[in-house]
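Trainee: Before we look at the model, could you take me through the terms used for it and show how each value is set against its cut-off?

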There are 2 protein chains.
Amino acid sequence: MQEQTDPPDGPSPGLVSTAIQAITQHIRSEGLAPGDPLPSEAAMTRRLNVSRTVVREAFRSLSAMRLIDLSAGRRATVAKLDTGAMSMVIEHGITTQQISVQQVYDVRRTIEMRTVALAALRRTDMEAAAIAQSARLMRENFKNPEAVMEHDIAFHEAIAAASHNPVFSLIVTAFSGVTRRTWVIGWRTRSSDQAQLKMIKGHEDIADAILRGEPRLAAEHMAEHFDKSVKALLDAGIA
Amino acid sequence: MQEQTDPPDGPSPGLVSTAIQAITQHIRSEGLAPGDPLPSEAAMTRRLNVSRTVVREAFRSLSAMRLIDLSAGRRATVAKLDTGAMSMVIEHGITTQQISVQQVYDVRRTIEMRTVALAALRRTDMEAAAIAQSARLMRENFKNPEAVMEHDIAFHEAIAAASHNPVFSLIVTAFSGVTRRTWVIGWRTRSSDQAQLKMIKGHEDIADAILRGEPRLAAEHMAEHFDKSVKALLDAGIA
DNA sequence: AACAACAACCTGTCATACAGGTTTCGAGGG
DNA sequence: CCCTCGAAACCTGTATGACAGGTTGTTGTT
């Protein structure tokens, strides 16, 4: 009743890492899909011949990366694609000053120039409507910066979703946390109502170009939007 | 000796999540940099007024995302930026069929069109040499597919590094795992030596354009390279 | 057949114990 | 006085046992 991964392999990188690998391997080899249940901790404990402590830490680690979902009483299940882990990596980079906000914006610009073009080509009518609605809500709430920000973020995430490439969604969403921390700074540099409404108009132009299915135009508006945003951040002294 | 996060906030999302937040919060508020030590498990246990089990699982989770480094006997330290977590998310998406290989290549193309242009503008001489050397090693080992693949991956990572934006490096490196699983398929479709050498020539052209500091040209070669790679994968039946 | 109580199982958290690695600091020798 | 060696203190890795509370399936009653 004890064979498998005890003498042959696991000692150097630690038992927990081994367990993590065993679990991901299990998902792979069984071809599990999101929502499918994983073996219980007790079962894994027997299979790997380690203590429940080790198995628990492995499960917990995978849960932290959002590869599996845990909840009390129920078995762990395979998770749907989620940004959790990526967001934390990016935020860690920012808070430890290994990444600058400007660098994040450069990446966002690169990616969103593509998502906006893809969205213009592939958006469904519902997606186009959702994008347009986010822009509209920005205008309607424009006296409430926090609301504008949330609709702004939703706007960009909706465009990424309309690109029909989940990897783009993943990355764009991962950056939303950074946006939440810096957005206000950019907004403040647009001191007048006029400047703020102009920024909102830029979003509406993008939404319109997507609705009309014009990728080139949409990308141009997006480029302009980013250039102004970055300039605003630079003016505010963000490195 | 017991106050802080016991009655007021932490119960609903679980103690471990609370502990994770407390640790990241600690890094933030203390302004810790990579390499700096974190409090010991015992200290955290006292501060949060929870069992060591909970603190350990929190540390372990952060370690799984590569936000901190753990090693036996030593205190945990803040980690340098690392791709670990991102890679696992991407691979999880692939193995659970929530992401297709082609979608990853589309994102890679988008990003590397930019990194190659940035590399042409910002590369140091050493970086240009490293890129060129990877291309050269591809040619020298071209009878050994596995070696060619590793140098190919190193080539793209070196370009990302030369873009001087760590976020690009992070993403490109995160995709390397996927490349390792699909690269051979593309190589096999280039059945003749001539086709294989032509593909290597493409890399040399990119390296040359970067060396000469011509972003436009470099991007063109990169686009060509990706279009052919995607075509090769499609011909091989990769969805 | 519907429903309610129960039993079996599962995860969340705690306490304790010990092995093995790392750091620190002091004693002893040069 | 400095260098070296070794022991003590501290730290993490892993195992074990225990119990609370949630979930699920089963059984027995109405």
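Mentor: Let us begin with accessibility: a residue is buried under 20% relative accessible area, exposed over 50%, and partly exposed in between, with a 1.4 Å probe and protein chains only. The model is a predicted one, in which local features need pLDDT of at least 70 and side-chain atom pairs count only at pLDDT 80 or more, while totals for chains, interfaces and linings use all residues. Residues are numbered from 1 along each chain as its sequence is written, chains are lettered from A and ligands numbered from 1 in the order in which they are written, and side-chain values use heavy atoms, with hydrogens and water left out.

Trainee: Why is Asp125(A) called exposed or buried, whichever applies?

Mentor: Asp125(A) has a relative accessibility of 61%, and because exposed means over 50%, Asp125(A) counts as exposed. Arg123(A), by contrast, is at 18%, which is under 20%, and therefore counts as buried.

Trainee: What makes Arg123(A) and Asp125(A) a salt bridge?

Mentor: A salt bridge requires a side-chain nitrogen of Lys or Arg within 4 Å of a carboxyl oxygen of Asp or Glu. The closest N and O atoms of Arg123(A) and Asp125(A) are 3.4 Å apart, so the pair satisfies the rule. In general, side chains of opposite charge can pair when their charged atoms come close.

Trainee: How do you know that Glu224(B) and Lys228(B) also qualify as a salt bridge, and where do they lie?

Mentor: Their closest N and O atoms are 3.5 Å apart, and since the limit is 4 Å, the pair counts as a salt bridge. Both residues lie in helix α10 (residues 215-235) of chain B, four residues apart, about one turn of the helix; helices here are DSSP runs of H or I with at least four residues, and strands are runs of E with at least two, numbered from the N terminus. Glu224(B) is at 41% relative accessibility and counts as partly exposed, and Lys228(B), at 41%, counts as partly exposed as well.

Trainee: What makes the link between Thr110(A) and Asp106(A) a polar contact?

Mentor: A polar contact is a pair of N or O atoms within 3.5 Å; within protein, one must be able to donate a hydrogen and the other to accept it, and residues adjacent in sequence count only if both atoms are side-chain atoms. The backbone oxygen of Asp106(A) lies 2.9 Å from a polar atom of the side chain of Thr110(A), so the distance falls within the limit. Thr110(A) is placed in helix α5 (residues 101-122) of chain A, and at 11% relative accessibility it counts as buried.

Trainee: Which salt bridge joins Arg114(A) to chain B, and how many does the rule find across the interface?

Mentor: The side chains of Arg114(A) and Asp106(B) meet at 2.8 Å, N to O, which is within 4 Å and therefore a salt bridge. Across the interface of chain B and chain A the rule finds six salt bridges, and 16 residue pairs are in polar contact, both residues being at pLDDT 80 or more.

Trainee: What makes Arg52(B) a polar contact of DNA strand D?

Mentor: An N or O atom in the side chain of Arg52(B) is 2.9 Å from a base oxygen of DNA strand D, so the pair is within 3.5 Å. In a similar way, a backbone N or O atom of Glu41(B) lies 3.2 Å from a phosphate oxygen of DNA strand D.
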